[in-house]
Amino acid sequence: MNHTPPLFLTARWVIGPDGPMENGCVHIEDGRILGVCPRHEVPATLFEDAPNAEHRDLGEACIMPGLINAHCHAPMAILRGVADDMELLTWLEKGVWPLEKEFTREMTFLGAMLACAEMIASGITCFADMYVWSGEIARAVEAVGLRAVLSEGLLGFPTRTYGSVEESLALCRSFMEEFKNHPLIRFAPAPHTAFTTVSKQLVESYAMAGEFDAPWLIHAAETASENARVQELHGQRTIPFLDSLGCLGERSVLVHAVDLTDEEIEIIAARGAKVVHCPRSNWKLASGMAPVHGLAEAGVTVALGTDGAASNNTLDIFGEMRAAALGAKVREMDPTALHAPQALAMATQNGAATLRLPFSGTLAPGQPADLCVLNLAAPHLQPCHDPVSHAVYAAQGSDVCLTMVAGHVIYDHGAFLTLDYPALLDAGQEIAAHMREIMDRQERQRCEDARPQDSD
Ligand SMILES: [Zn+2]
């Protein structure tokens, strides 16, 4: 990395590696955190001693670790609001898949760009994604300057990018090879589910994850009906089935993990597998309330994800933190379940550990300078006694005023520094018009198909 001059960010609050600090200073150099300290400990002469140094005082704000969205389908941003209020399988089969079939590469790219814009404007510095045409998503992520773990979703039937199971695995490998040395993007194998893939894909992609030291991402135990389907196909529920294939281990990332028995929680904990909790997607699809408190108590690392914008309908990790904490309390009927620091750790450190990122998700010295800044001056964040409480229980994504990845500011007080937002808005409007044409055509076709046939 090129040498960059020192940057000192100061603010009313900093959430450092040891917790909140009032009147703190974050020292950044060459894209990394050099240290976090109380502002009064910074020698008065320091800024003058380093003439190239930049000092930026963010005022009534909180500098905090960048948020990690550990599960998303970024291009689905263009499907936001087109299929609400449906059960998961109906939502997929009648709402989402018929429209996704019509996606072009350009629509995939623009959907990913919109999602990236939404994420950086709400303090997300890294996300994990599962979709097809993931090369287009990589192109968007690279342009925006985000960090990401991407994947070409593996399905046991032909998709737009591969025909056979062998081709799906070969494509997965080629992406992992291509990006293995990229500074911000990694690829990981991601079988869609245990019932939409074949066992060969599960077993071979799991081995590939080991070969590349990558996480292995899979939607698992999202609903009771998923478990019933897997039982029908393989004679076991999802978790025991994956375990029987040898696919549960430290690199396994089980997205959703809603419909779990106590015994399955024990298996997940014993294998060291990780879970990504997506509370608002689970609630909107009425999939259930994941036993996140029980998982955490059993020692399982639980991260947070938004899922795609078509089932959430926002990519706002502040909303997920709040939902996770509130949902756990109601599920357990215990207000002490999943406290605020735990919810914040799920959105930061746990995300980094789950995605096997080579950093901790904190502002500890030596870590990449991935951070966001929460504007505390808004009435709903005043006064601030504890910024962790505010981040979890009071803030929303739109309170973020600055986002930095690897020392580069990519979003600054409403300005998108790495993308042309007005042009993106125009492109989004064009896509919306095109989608409406597709939906009208599909509706006409459905009416045509349903019309009684003339008979002699
Ligand atoms: Zn998903």
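Helices (H or I, at least four residues) and strands (E, at least two) in these legends are DSSP runs, numbered from the N terminus. The structure is a predicted model, in which local features need pLDDT of at least 70 and side-chain atom pairs count only at pLDDT 80 or more, while totals for chains, interfaces and linings use all residues. Residues are numbered from 1 along each chain as its sequence is written, and side-chain values use heavy atoms, with hydrogens and water left out.

**Figure 1. Asp30 and Met333, two loop residues with positive phi.** Asp30 belongs to the loop between strand 2 and strand 3 (32-38). Although Asp30 is not a glycine, its phi is positive, at about 50 degrees. Its relative accessible area of 25% makes Asp30 partly exposed; here buried means under 20% relative accessible area, exposed over 50%, and partly exposed in between (1.4 Å probe, protein chains only). Met333, in the loop between helix 12 and helix 13 (340-346), is likewise not a glycine and has a positive phi of about 50 degrees. Met333 is exposed, with a relative accessible area of 71%.

**Figure 2. The zinc site.** The protein donors of the zinc ion are His71 (NE2), His73 (NE2), His219 (NE2) and Asp307 (OD), at 2.0 to 2.3 Å from the ion. Donors are N, O and S atoms within 2.8 Å of the metal (3.2 Å for Na, K and Ca); water is not among the atoms, so sites may look incomplete. Along the sequence, the donor residues follow the spacing H-x1-H-x145-H-x87-D. His71 lies in strand 6 (residues 67-72) and His219 in strand 12 (residues 216-220), so this pair ties together parts that are 148 residues apart in sequence. Both His71 and His219 are buried. The angles subtended by the 4 donor atoms run from 88 to 169 degrees, which makes the arrangement irregular. Four donors count as tetrahedral if all angles lie between 85 and 135 degrees; four count as square planar and six as octahedral if opposite donors are over 155 degrees apart and all others between 65 and 115, and anything else is irregular.

**Figure 3. An aromatic cluster of Phe175, Phe179 and Phe187.** Rings of Phe, Tyr and Trp (its six-membered ring) pair if their centres lie within 6.5 Å; planes under 30 degrees apart count as stacked, over 60 as edge-to-face and the rest as tilted. By this rule the model holds 6 aromatic pairs. In one of them, the ring centres of Phe175 and Phe187 are 4.6 Å apart and the planes lie at 5 degrees, so the pair is stacked. Phe175 is part of helix 5 (residues 165-178) and Phe187 of strand 10 (residues 185-187), so the pair ties together parts that are 12 residues apart in sequence. The rings of Phe179 and Phe187 have centres 4.9 Å apart and planes at 35 degrees, so this pair is tilted. Ring pairs thereby link Phe175, Phe179 and Phe187 into a cluster. Phe175 is buried at 13% relative accessible area, Phe179 at 8% and Phe187 at 5%.

**Figure 4. Core packing around Met321.** A nonpolar core is a set of buried Ala, Val, Leu, Ile, Met, Phe, Trp, Tyr and Cys residues joined through side-chain atoms within 4.5 Å. The largest such core has 142 residues, and those with the most contacts inside it are Met64, Phe127, Leu242, Leu254 and Met321. Helix 3 (residues 105-120) supplies the largest share of this core, 10 residues. Contact means heavy atoms within 4.5 Å. Not counting residues up to four places away in sequence, Met321 touches Leu67, Leu304, Ala343, Leu344, Ala347, Ala391 and Val392. Another core, of 17 residues, lies apart from the largest one and includes Leu7, Leu9, Leu371 and Val373.

**Figure 5. Helix 4 and its surroundings.** Helix 4 (residues 134-144) has Ser134, Glu136, Ile137, Ala138, Ala140, Val141 and Val144 among its buried residues. The buried residues of this helix pack against helix 3, strand 7 (124-129), strand 8 (147-150), helix 5, strand 10 and strand 18 (408-412). Gly145, just after helix 4, takes a positive phi of about 90 degrees.

**Figure 6. Two cis peptide bonds.** Asn312 and Asn313 are joined by a cis peptide bond, with omega about 10 degrees. Asn313 is in the loop between strand 15 (302-304) and helix 12 (317-332). The peptide bond from Gln382 to Pro383 is also cis, with omega near -15 degrees, and Pro383 is in the loop between strand 16 (371-375) and helix 15 (387-393).
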